[in-house]
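Reader: Could you walk me through how to read a model like this one, feature by feature?

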Amino acid sequence: MTEKNQNDNNDLLILPPAEQGGARVDKYLSEKTPYSRSRIAALIKDGAVLEDGETLSSADKKVRAGAVYTIAEPAPVPDVFAPEDIALDIVYEDGDLLVLNKPAGMVVHPAHAHYEGTLVNALLAHCKGALSGIGGVARPGIVHRLDKDTSGLMVVAKNDFTHNGLAAQFAVHSLERRYLALVWGVPQMTGEIETQIGRSTANRQKMAVVKAGGKHAKTLYAVKNIFADGVFSLVECTLKTGRTHQVRVHMTALGHSLLGDSVYGKTPKAARSLPDFVKNFPRQALHSYKMAFIHPRSQQELRFELPLPPDMQAVVDAFSK
């Protein structure tokens, strides 16, 4: 029998010790709980499954005999989300899709503690229900995402045909996606970093470069400008894959975390003399500024480019000669 405990945030589903090992953990847990195998895999990806108190990093890990598995059940979400009249910065729109400039601070889709004020709420109002349903009620039209505090270009599908066509391009990494980041220090002028990225075993809310059990991730980067005698720099990052927090994790792994990224880095001692609006930048300084893809219906290439947002531009301007 499984056992349920209540904690401050959600229910914990605690399984008795495994009698024998060897099976894939997602298969084993789907047989022992009400969850489907795909749902278990999603929960593992979200860091919600523990083995003897340690976060599981991979759904294909083998069950260990005697291990106790714990699942942090997510809080229920509403069946229907309300359209909200929230202004959107639309860069391009036609009958199949739209491209927008997401502001920093906006959550993309509803989730625990964020049922209102999200991009999805705004899209439901703007598109009057004409969004792809592939993402489910919580993520209609959402083909990819940006972190809450990352700004810039996103593409949204209005119908399932377009969603499938865009998703196929994301799957083979044929879209062009480039970011601008303000990072501490100065990396080598050009380079690439290729690793596996997976859920951190030390903190399930973080991603990390891992030796095994993660997903292949590749980022090309080039220094665009150097400021304050090398205390920080502006770097262009080109994604060759699209992993959660990829730019933030990769730049941190290089020793050059993003300004304002309290999750993956910290302000260096060399920044002490900088103005507060630089050393205490209020978000990760990351902006999705270029995107190109093939329109699924017309088969024409669409290309988009945005300038730096005002907060990042203010930092650049303050140190430009």
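Author: Gladly; we will go from the whole chain to its helices, its strands and a few single residues. Keep in mind that this is a predicted model.

Reader: Let's start with the overall picture. How many helices and strands does the protein chain have?

Author: A first step is to take stock of the secondary structure. Here the protein chain comes to seven helices and 15 strands. The radius of gyration is 21 Å, close to the 20 Å that the globule rule gives for 321 residues, so the chain is as compact as a globular protein of that length. For the outline, the C-alpha trace spans about 70 × 50 × 35 Å along its principal axes.

Reader: What share of the 321 residues is buried?

Author: The cut-off to have in mind is that buried means under 20% relative accessible area. Buried residues make up 46% of the 321 residues in the protein chain. You can add a view of the contacts here: among those with a separation of 6 or more, 64% are between residues 24 or more positions apart.

Reader: Now a helix. How do I read H4, and which of its residues are buried?

Author: With a helix, look at its length, then at its buried residues, then at what they touch. Helix H4 covers residues 160–171, and its 12 residues reach 16 Å from the first C-alpha to the last, close to the 16 Å expected at 1.5 Å a residue. Its buried residues are Thr 162, His 163, Leu 166, Gln 169 and Phe 170. These residues cover an arc of only 130° around the axis, which puts them on the same side of H4.

Reader: And which strands do the buried residues of H4 pack against?

Author: They pack against four elements that you can pick out in the viewer: strand E7 (97–102), strand E8 (151–157), strand E9 (176–184) and strand E14 (286–294).

Reader: Where are the buried residues of H7 around the helix axis?

Author: We can read this helix in the same way. In helix H7 (residues 310–319), Met 312, Val 315 and Val 316 are buried. They cover an arc of only 95° around the axis, which puts them on the same side of H7. What covers these buried residues includes E9, E12, E13, helix H6 (276–279) and E14.

Reader: On to the strands. In what sense do E10 and E12 pair, parallel or antiparallel?

Author: For a strand pair, read the direction and the number of bridges, then choose one facing pair of residues to anchor your view. Strand E10 (residues 190–199) and strand E12 (residues 215–227) pair in the antiparallel sense over eight bridges. Thr 195 stands opposite Ala 217 in E12. E10 also pairs in the antiparallel sense with strand E11 (residues 207–210), over four bridges. In that pairing, Arg 199 stands opposite Met 207 in E11.

Reader: Backbone angles next. Why would a positive phi catch the eye?

Author: Most residues other than glycine have a negative phi, so a positive one deserves a look. His 173 is a case in this model, with phi near 60°. His 173 lies in the loop between H4 and E9, just after H4. With a relative accessible area of 31%, this histidine is partly exposed.

Reader: What is the phi of His 245, and is that residue buried or exposed?

Author: His 245 has a positive phi of about 60° although it is not a glycine. His 245 is found in the loop between strand E13 (232–239) and helix H5 (246–253). Its relative accessible area is 18%, so it is buried.

Reader: How many disulfides are there?

Author: The test is a distance one: the two cysteine sulfur atoms must lie within 2.5 Å. By this rule the count comes to zero disulfides. As for burial, Cys 127 counts as buried at 9% relative accessibility, and Cys 237 counts as buried at 0%.

Reader: Last, how far apart in space are Ala 48 and Glu 73?

Author: Here you set the separation in sequence beside the distance in space. Ala 48 and Glu 73 are 25 residues apart in sequence and 7.4 Å apart in space, C-alpha to C-alpha. Ala 48 lies in the loop between helix H2 (37–45) and strand E3 (49–51), and counts as buried at 10% relative accessibility.

Technical notes. Residues are numbered from 1 along each chain as its sequence is written. This is a predicted model: local features need pLDDT of at least 70, side-chain atom pairs count only at pLDDT 80 or more; totals for chains, interfaces and linings use all residues. Side-chain values use heavy atoms; hydrogens and water are left out. Two strands pair if DSSP finds at least two bridges between them. Helices (H or I, at least four residues) and strands (E, at least two) are DSSP runs, numbered from the N terminus. Buried means under 20% relative accessible area, exposed over 50%, partly exposed in between (1.4 Å probe, protein chains only). The expected span of a helix is 1.5 Å times one less than its number of residues. The arc is that of the directions from the helix axis to the C-beta atoms. Contact means heavy atoms within 4.5 Å. The radius of gyration is taken over C-alpha atoms; the globule rule is 2.2 Å times the number of residues to the power 0.38.
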